[in-house]
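Visitor: Got a minute to walk me through this one? I'd like to start with the charged pairs.

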Amino acid sequence: TPPLQLASGIETIADRLKAAGYATGAIGKWHLGAQPQFRPSKRGFDDFYGTLANSAFFHPEIVDTRKSDDPVKVTEQGFYTTDAYATRAVEWIGEHKAEPFFLYLPFNAQHAPLQATQKYLDRFTHIKDSKRKTFAAMLSALDDAVGQVLGSLEKNGLAENTLVVFLTDNGGPTGQTTSSNLPLRGFKATTLEGGVRVPFYVQWKGHLPAGKVYEHPVIQLDIL
């Protein structure tokens with residue numbers, strides 16, 4: 001099977017916003033092509049920190065365009081992608097707080113392989129099933145990471161001037177990861193609602209009313 005990529009010449013949201021004067025950054029999992037011509041630096045992003053495919057959470061091959069466009073194996077102890085992406089996102093927001101910016105932050109959590117740090121595993125000692133325990137630990141790490149990003153917006157006085165969108169790309173694969181799409185039928189890779197109907201949250205303090213539910217169909221492409 002040939003590797004998946006977004007064909008050259010297709011305009012991205014980053015291309016649009018960069019042309020409009022935004023600083024653009026991508027942090028996390030890039031799955032639109034690993035060859036140089038398909039990487040974030042060629043798709044409208046000024047900066048990229050992350051992996052060029054789905055990866056392990058520990059010791060992945062990271063690209064950091066502040067240093068190089070090529071992936072480098074991370075060997076340092078304690079490196080965990082969810083934590084590292086949150087740390088870099090907070091740094092990046094601080095670096096660009098004085099200008100319009102667009103940050104694309106695709107965590108590889110909750111994707112397989114199921115891997116978690118001891119810090120988060122220790123929060124779920126009551127869960128006896130090891131796979132489910134790891135899944136819960138990963139989700140807790142993601143919760144903390146999102147909290148750090150939102151906290152950085154508050155700290156930098158940007159919360160009321162930043163549109164935040166949080167969503168997942170598909171329903172969980174259930175058996176492989178212990179995720180659940182209930183009460184919906186189906187799972188990842190199916191067209192049943194459990195495969196395509198996902199959490200989709202939007203926050204823009206001072207502009208959008210809090211606590212409202214939008215009942216009409218939307219899709220990720222509507223963000224653009």
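**Salt bridges first**

Guide: Sure. D70 pairs with R39 in a salt bridge, and their closest N and O atoms are 3.4 Å apart. Keep in mind that this is a predicted model.

Visitor: Where do D70 and R39 sit in the chain?

Guide: D70 is in the loop between β3 (61-64) and β4 (72-73), while R39 is in the loop between β1 (23-29) and β2 (47-51). The two are 31 residues apart, so the pair links distant parts of the chain.

Visitor: And how many salt bridges does the structure hold?

Guide: There are 10 salt bridges in the structure.

Visitor: OK, helices now. At what angle do α2 and α4 pack?

Guide: About 5°, with the axes of α2 (residues 81-95) and α4 (residues 130-155) 9 Å apart. Angles under 35 degrees count as roughly parallel, so α2 is roughly parallel to α4.

Visitor: Which residues in α2 and α4 meet?

Guide: From α2 you have T82, A86, T87, A89, V90 and I93. Across from them in α4 are A141, L142, A145, Q148, V149, S152 and L153.

Visitor: How do the residues of that contact divide into nonpolar, polar and charged?

Guide: The contact of α2 with α4 has 9 nonpolar residues, 4 polar and no charged.

Visitor: Switching to the backbone: which peptide bonds are cis?

Guide: One is the bond from A109 to Q110, with omega near 10°. Another cis bond joins A112 and P113, where omega is about 5°. Q110 lies in the loop between β5 (101-104) and α3 (118-121), and P113 is also found in the loop between β5 and α3.

Visitor: What about phi at T174?

Guide: T174 has a positive phi of about 55°, although it isn't a glycine. Look for T174 in the loop between β6 and α5 (193-196).

Visitor: Last one, the surface. Which residues make the nonpolar patch?

Guide: L163, V165, V202, L208 and I223 make a nonpolar surface patch of about 380 Å². Of these, L163 is in the loop between α4 and β6 (164-167).

Definitions and conventions:
Residues are numbered from 1 along each chain as its sequence is written. This is a predicted model: local features need pLDDT of at least 70, side-chain atom pairs count only at pLDDT 80 or more; totals for chains, interfaces and linings use all residues. Side-chain values use heavy atoms; hydrogens and water are left out. Axes are lines fitted to C-alpha atoms, for helices over the stretch in contact, and angles run from 0 to 180 degrees between N-to-C directions. Helices (H or I, at least four residues) and strands (E, at least two) are DSSP runs, numbered from the N terminus. Angles under 35 degrees count as roughly parallel, over 145 as roughly antiparallel, 65 to 115 as roughly perpendicular and the rest as oblique. Contact means heavy atoms within 4.5 Å. Ala, Val, Leu, Ile, Met, Phe, Trp, Tyr, Cys and Pro count as nonpolar, Asp, Glu, Lys and Arg as charged, and the others, Gly among them, as polar. Patches are made of residues with over 30% relative accessible area and no salt bridge: like charges are joined within 9 Å, nonpolar side chains (Val, Leu, Ile, Met, Phe, Trp, Tyr) within 5 Å. Accessible areas come from the Shrake-Rupley method with a 1.4 Å probe; for residues, only the protein chains shown count as cover. A salt bridge is a side-chain nitrogen of Lys or Arg within 4 Å of a carboxyl oxygen of Asp or Glu.
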